[in-house]
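This report describes the empty spaces and selected helix contacts of one protein model. The sequence and structure are shown first.

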Amino acid sequence: MERIIKNIDRRTLLKGGAAMGGGLIASSMPLSQVIWAAEGKVLKVALGAELGSLDPGFYTSDYEVPVMECLYAKLTRFKPGSEWGWNLEAAEKLEQIDPTHIRFRLKKGIKFTGDYGEMTARDVKFSLERIIQHKYWTTSLLGPVDHVDIEDDHTGVIVYKTPFVPAWVITFPWAIGHIVSEQAVMKATKDGGNFGMNPPAFSGPYVLAEWKQNQYTLLTRNPDWSGPKPGFDEIRIVPITDTKAAERAYQAGDVDYTEIGLDSLATFKTNPPPDTKVEEHPSLSYAWLGMNMDNPTLKDINVRKAIQWGINVPQILDIAYAGQANVATGIVAPGIVGHREKALVPPEGDLVKAKEFLEKAGITDLQLTLDCANTGPYTTIAQTIQAQLSQIGIAVQVNAQDQSSFWTIGQETAGDRWKNLQLYIQDYSGLPDPFYSTSNFVTAQVGIWNWERFRSDRYDELDAKAVTIEDPNERAKLYYEMQDLLEESGAYRFLTNGGRPVVYRTTKTQAANLPQGYPVYVDFKPA
């Protein structure tokens, strides 16, 4: 797939890709007619996005990570279950020598396909340093890595300019931690750049057998894999970007595992399809109403404060999520270091106070636009906010649009649309370290993922300092203040962390998920 847009983020670009409903399900073509069944055990799953890149250094969406985990080994990987933790994978040993040096020793005998030989420390060095060289957005996930020193064929030291605590739960066990073959990538790309959807070699339990854009991805066993044998001979992945379409595909038997919408959770729990297990997972995502502070209409903080106080969050969640979603207190989800107990603006808001802020601004007749994606609950959220703000005299026009359009609207590299952007509904995913969320709102991200165009020297200072502190209580204090700064700007009204309920057919598989609900396909077991 060639729709990779420069600077577009792993979490949100191409949550679409296919049209609403997605891929082959939207065309009413059963999966069984597209991919002939192989001998052996087959896992059929729905994925909430089309794949944009299977290059760990240049990935475009978190949805790509479970697929990459099947194809490549990494030093460590997250353990499925209800608690966050990781195991060694390609590494035999991984240790923090001092605050800026981490030594790894690879297991021997990990093979790359295509006669590219054994994985070595040079491949680890190449996998990390190529990201720095090409200055892709994923460089931020490396933190202040300077270089990698090689001690012998299987041992090396990752050298940091300054300490980086999130390395253990972001860099190593997540997307950019996957190790690629230096020889294979250099042969395929010449400069070590993005190989996209054409991986030149694999080192995981599966290989990419076939990929049809907007239709399906087929993974088959890697004959060179020497690690624990995965449960399925094939994994068939169907991109279905709309949860309602994914639910219908599951009920029709086209897939045996899918994420479902929060608004459907109660129905699935009380009346599940036959042989179905429903699992509820808390999400590390955060959704909010954002405001472009550089737009002339929203430059006055009193206008932004009026909007904050004019919004009743519990009412929105009751309507959009059938009461199944929590109220967010900030950008750090519950259970993660730095989660605030409450926001500065109460969830219910206050219409009287909202009107007072408008009076301070000298505003009597305000008209605004509110942009959102046209999938999932976003249109409902936008329409509810439209009704709420009308109560304080603000007329809101809702612009619901295709995701491929929406996720570029605040990007300066995509043109000048950001200048007319006013209000919008955003939803970013998270990982078990607050850095993954807070780094989106530093000054350097203005016009990239900081659509509010929020600028604060103090925020930037705290963001840089927090990743160097090991004590979780001391770290938390910095993240509390950072979220206060965001909210005090008036440009953020935090809505929900959502949730990630999933269903799977117990006659086909036993699913394995990370605590926030992401699937770990390599750990799925046949029924």
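## Residue classes

In what follows, Ala, Val, Leu, Ile, Met, Phe, Trp, Tyr, Cys and Pro count as nonpolar. Asp, Glu, Lys and Arg count as charged, and the others, Gly among them, as polar. The model under discussion is predicted.

## Enclosed cavities

Five cavities of 30 Å³ or more are present in the structure. The volume of the largest cavity is about 60 Å³.

The lining of this largest cavity is formed by Leu75, Val124, Ser127, Leu128, Thr171, Phe172, Ile176, Gly177, His178 and Ile179. Six of these lining residues are nonpolar and four are polar, with no charged residues.

## Helix 4 and helix 6

Helix 4 spans residues 121-134 and helix 6 spans residues 182-189; their axes lie 9 Å apart, and the two helices pack at an angle of about 45 degrees. Helix 4 is therefore oblique to helix 6.

On the helix 4 side, the contact involves Arg122, Asp123, Phe126 and Arg130, which meet Glu182, Val185 and Met186 of helix 6. By class, the residues of this contact comprise three nonpolar, no polar and four charged.

## The largest pocket

The largest pocket holds about 790 Å³ of space. Its lining consists of 47 residues, and those nearest the pocket centre are Tyr63, Thr243, Glu259, Pro377 and Tyr378. Several elements each give two or more residues to this lining. The strands are strand 1 (42-47), strand 11 (257-259) and strand 13 (286-291). The helices are helix 7 (243-251), helix 8 (262-270), helix 10 (313-321) and helix 12 (378-390).

The pocket lining divides into 20 nonpolar, 18 polar and nine charged residues.

## Helix 10 and helix 12

Helix 10 and helix 12, which both contribute to the pocket lining, also pack against each other at an angle of about 140 degrees, with axes 9 Å apart. Their crossing is right-handed.

Helix 10 makes this contact through Gln315, Ile316, Ile319, Ala320 and Tyr321, while helix 12 supplies Thr380, Ile381, Thr384, Ile385 and Gln388. The contact of helix 10 with helix 12 has six nonpolar and four polar residues, and no charged residues. In the contact of helix 4 with helix 6, by comparison, four residues are charged and none is polar.

Terms used
Residues numbered from 1 in each chain as written. Predicted model: local features only at pLDDT ≥ 70, side-chain atom pairs only at ≥ 80, totals over all residues. Heavy atoms only, no water. 1 Å grid on protein atoms, 1.4 Å probe; cavity = no way out; pocket = protein on both sides within 12 Å on 5 of 7 lines; lining within 4 Å. Points joined across faces, edges and corners; volume = space filled by probe spheres on them. Axes fitted to C-alpha atoms, helices over the stretch in contact; angles between N-to-C directions. Helix = DSSP H or I, 4+ residues; strand = E, 2+ residues; numbered from the N terminus. Parallel < 35°, antiparallel > 145°, perpendicular 65-115°, else oblique. Contact = heavy atoms within 4.5 Å. Left-handed = near helix turned anticlockwise from the far one by under 90°.
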